Amino acid sequence: MKKWGWGITLGALLLSGCGKQSPLEPQSPASHDIAVLWWWMLGIAAVVFFGAVALLAIGWVRRDRPGLPFIGENEGVTTGLVVTFGMVIPVIVLVALFAVSDLWLVKRTGAPDPGTTSMTIRVIGHQWFWEVRYPGTRAVTANEIHIPARTRVQVIATTADVIHSFWVPQLNRKIDMIPGNENRVLLYADNPGIYRGQCAEFCGLQHAHMAMKVFAEPRKRFQGWLKDQEERAVTPATPEEREGRQLFLQNACAGCHTIRGTSAQGSIGPDLTHVASRSTLAAVTLPNTNHALERWIRDPQHVKPGTKMPALDLSNTDFAAIGSYLDHLR
Amino acid sequence: MAIAVPKAADARIDRLERIWAERPGVMGWLTTVDHKRIGLMFLFTSLAFFAAGGVEALLIRTQLLQPNGTVLGPNGFNEAMTMHGVTMIFLFVVPISIGAFGNYLVPMMIGARDMAFPRLNAFSFWVFLAAGIFMYVGVFSGNAPTAGWFDYVPLAENTYSPGPGIDFYALGLIFTGVSSTATAVNLIVTIFKLRAPGMSINRMPLFCFAFLAVAFALVFALPALTCALVLLEFDRLLGFHFYDIAAGGDTILWQNLFWIFGHPEVYIIILPAFGIATSIIPTFVRRRMVAFPMVALAEILVAFIGFGVWAHHMFAVGLSQVTNIYFAAASLIIVIPSGIQLFAWITTIVTGTPRFKTPLLWIVGFIVLFIIGGLSGITFAAIPFDQQLTDTYYVVAHFHYVIFGAAVFPILGGLYYWFPKVTGRMYFERWGQASFWVSFAGMNLTFFPMHIVGLLGMPRRQYTYPSDLGWTGYNIIESIGAYLLAAGLLMVVANLIVSSFRGEAAGRDPFGGATLEWATSSPPPAYNYAVIPKVSSPYPMWDAEDRDEDVANLASGRMVLEQGHETPASTAVDADWDEILDMPSSSPWPVVLAVAISGIFAFVLLKQWIAAGVFVVATLVVLAAWHGKEPQRA
């Protein structure tokens, strides 16, 4: 890595948990509300469960005595118990649950109303990576979503192939990515940080390796990042990097990937214009180190079996050259 | 009930034995129309598939034992995951409950001598066997489906799933649907028309109410699945575009059709288990079920409301908010009939004098597991929570508590409970109880941590997971639990196998059961009952006078129907005497028809249209032969 500033910040963040994915550690109002709902439901469920088990325990203790404790045998009372526990109490609890979760909370986690967000991002699911676009800018990235913290961001989620599901549990509930549909969900982060997300709808062979990270950043830093991402790719500085670019453009790489500012305009794989600025490779399969990058381009089918990226028949020095070229695309 | 049988009665029994005898040996099994033998064939076949599904489950758990596992690889995992779901649902739980338990027990509980359509019944079994083999031919030829049991398009379309894997799945499920539909229709007619005269609908055992509800649910749910699958095969084999959005099709159509079938299917899976529970509980707590009419209505209601909740599987799809709220409300309403049944079982146990023998232990275990699975199920009706946790391991935990805990536990309890009836021998009680405790521990160890790991954000259906998200420890516990659960299930199988050779003689009614099947010898004769039993309550075995009257009837020849291969039919509601039915005897045509239909499916799969056409003609010829005139018996 050549540009150290960002690398060190990222590295530190990576080591300190590299982004969590737990709905129980919410970092937004929506996720927080859902987590609170869960703890309430768990509490009520525990009362029901232990109450029912206590009844069964009474059945065991009194296994030699027919009838109910104190009351004895009375068909009216036993039927009354069934009506009370099986109907009356459930109706009360369920109506309350319905009102709270399905009439009130559902509005707070639903798609954002038009005009209430200051920013929109398009996320497009692919087998097996996330394409991320910032409408109104030229920025295109993959598997990493940068947003300003404490800002309402609308995500338009769609897919290029099969159904995927966009899910960053610490920031909001999930939304499926359906062919021909544009589903919307709100992203909002209470604090700057890295939040892991993952495809939540089975999408084939590498469903397991379709993760992403959301970087919520202070607004200034976010704007700097966005400006960098809009830039064309930097031109190679060293002979090895120039050699690498040449190889990249001559071989199959350019047929699938775009590097803005070069003749590589493919759309099958992720945009690599600023690949070196990202923290991971292959949808959070590998850390983005020089070594891992070379391993990935040498033998993608071993790292992520079934990925659309083929193994190329090149020499060691060729791979090293491509590696050093990509590694410099900050 | 050791009663001196007068000579006249002996002669009648001899006569019945002659009339109802089937061919000996293998040909006897191939041509049988006896609901008990067909039930046993369903039992053994579905248990074999249970073993296959179990092996797939253990492979999955071994792959996920640790992060970055390499036991199966992505393709192997997706095959195991898909076939595990397909096998357990379509080749194990449904066939063992309706095919084995329903077939064997429904006619016995209503005092009939066979199912209403004995040959259709045999056909249903042979089709099921053929469909199961069909799908596993796919697996063993390296063409297992990999798109998961709910097989969402467009992943399941040719573009993303080339090769015949999905065709094995789709055609195989259409094929099993033929079997389930036939069994369901048969159960409906049997329950409505073959109840012993006197068993009016309010005197019918709750077991039969459950199976009636299931049968209706199957008849109405399966067409949606069949339709979805046929459209898929049109897309895949003939290049149609039903689900292709780019060509004007609709992706969500598949999900709607699949879950219109898929959610009722959940109740199809657990209602038979409810029926088993309502049979075992009265016997072992020695009292009648509390709130009988409410439980009967609840069983029917669950099956009915189950048709109105399907979109709660689709809350993350982005349907309109109003749609989501409607389906959430419907999903909450279905809690009520389930709650009624639950507390009816519990209060029956509390107010009775329970003997915690093996079958009741499984039922108590089932109640505990069903409460957990039911409560976690309710949380999915909270739309935002569902949208957060759907497609995580929390869902996997939930539906295994429901399907394994609430359906398979009663099935295993039922295996113990009716084992003496079917074999005439007792199982080993101590080992039976031990097998329960090991399975119960294994079940909870396997599936409880899945709730937690789901709440920690682990998506389902991923073949591997990283080590840095806090999921590893739970996965290790789950895998150990799975091996323990497998050990518990092997103990059940070992107990029943050894007992069938070495168990003590059971007699006709070892537990003091309430329903009619305990009135006849163990194992029951081909004609079930020498006398069509008298019924005046839902607990006929506890009506001693009625049973004495049966004995008297046998001596006098009343209600014996010894003139031919006969069983009485009664009116649908009041069970007044209607007519005497001449029942079909054993026949080779059901198995031949199943083979002919298999040919159609095999050649459609291979896209050999002419050969498939030949088998269509062959099927029609066999059907004609089946319905041709038969030589009259002497």
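User: What radius of gyration does chain A have, set against that of a compact globule of 330 residues?

Analyst: In this predicted model, where local features need pLDDT of at least 70, side-chain atom pairs count only at pLDDT 80 or more, and totals for chains, interfaces and linings use all residues, the radius is taken over C-alpha atoms, and the globule rule is 2.2 Å times the number of residues to the power 0.38. Residues are numbered from 1 along each chain as its sequence is written, while chains are lettered from A and ligands numbered from 1 in the order in which they are written. The C-alpha atoms of chain A fill a box of roughly 95 × 45 × 40 Å along the principal axes. A compact globule of 330 residues would come near 20 Å, but the radius of gyration of chain A is 27 Å.

User: Why is strand E5 of chain A largely enclosed by the rest of the structure?

Analyst: Strands (E) are DSSP runs of at least two residues, numbered from the N terminus, and a residue is buried if 20 or more other C-beta atoms, placed from the backbone, lie within 10 Å of its own. Strand E5 spans residues 153–159 of chain A, and it is largely enclosed because the buried ones among its seven residues number six.

User: Which residue of E8(A) is the bridge partner of Ile156(A)?

Analyst: Two strands pair if DSSP finds at least two bridges between them, and E5(A) pairs with strand E8 (residues 183–187) of chain A in the antiparallel sense over five bridges. With strand E1 (residues 119–126) of chain A, E5(A) pairs in the parallel sense over seven bridges. In E8(A), the partner of Ile156(A) is Arg184(A).

Terms used. Buried ≥ 20, exposed ≤ 12 C-beta atoms within 10 Å, placed from the backbone. Helix = DSSP H or I, 4+ residues; strand = E, 2+ residues; numbered from the N terminus.
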